[in-house]
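Work through the exercises below on charged side-chain pairs. Each task is followed by a solution in steps.

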Amino acid sequence: MDKQTVDALCRKQKGSTYDYQMDWEADRYHIGGKMFAMLGADSKGVPILTLKCDPARADELREIYEGIIPGYHMNKTHWNSHYFDTDIPEELWEVLIEHSYTLVLQKLPKRVQQEVVL
């Protein structure tokens, strides 16, 4: 997977918005003002994608894939960081992005959810 494809997958989520956090040197993707994805780097400068994840699924994914670790600089229970060029199958990236988006969308107020759906 590459950063350009991940960027396109994040931006195609209905109602998603983008910003760049200069302090973190990270591309961030939001729904209803809440972040669902962040493209940044770890302490060694290696690119990572950080996504929200159901806690039980997060643990399972970390056990299966070496390229998935607890969220870098995030709540380790609810976020995973994903390394590019690792053992994560290409087809899984979009599934994980959509899962993160859905989790964040479901936590938004009903009014905001309806605005996104329209």
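A salt bridge is a side-chain nitrogen of Lys or Arg within 4 Å of a carboxyl oxygen of Asp or Glu. The model is predicted, and by this rule it has five salt bridges.

**Exercise 1.** Find what the side chains of Lys12 and Glu94 form, and state which parts the pair ties together.

Solution.
1. The N to O distance is 2.7 Å, and the two side chains meet in a salt bridge.
2. Lys12 lies in the loop between helix H1 (3–11) and strand S1 (16–21), while Glu94 belongs to helix H3 (residues 90–107), so the pair ties together parts that are 82 residues apart in sequence.
3. Exposed means over 50% relative accessible area. Lys12 has 51% relative accessibility and therefore counts as exposed.
4. Glu94, at 26% relative accessibility, counts as partly exposed.

**Exercise 2.** Place the pair Arg62 and Asp59 in its helix and classify the accessibility of Asp59.

Solution.
1. The side chains of Arg62 and Asp59 meet in a salt bridge, with 3.3 Å from N to O.
2. Both residues lie in helix H2 (residues 55–64), three residues apart, which is about one turn of the helix.
3. Asp59 has 41% relative accessibility, so this residue counts as partly exposed.

**Exercise 3.** Do the placement for Arg111 and Glu115, then decide whether Arg111 is buried or exposed.

Solution.
1. A salt bridge joins the side chains of Arg111 and Glu115 at 3.0 Å, N to O.
2. Helix H4 (residues 110–117) holds both residues, four residues apart, about one turn of the helix.
3. Arg111 counts as exposed, because its relative accessibility is 53%.

Note on methods. Residues numbered from 1 in each chain as written. Predicted model: local features only at pLDDT ≥ 70, side-chain atom pairs only at ≥ 80, totals over all residues. Heavy atoms only, no water. Helix = DSSP H or I, 4+ residues; strand = E, 2+ residues; numbered from the N terminus. Buried < 20%, exposed > 50% of the residue type's maximum accessible area, 1.4 Å probe, protein only.
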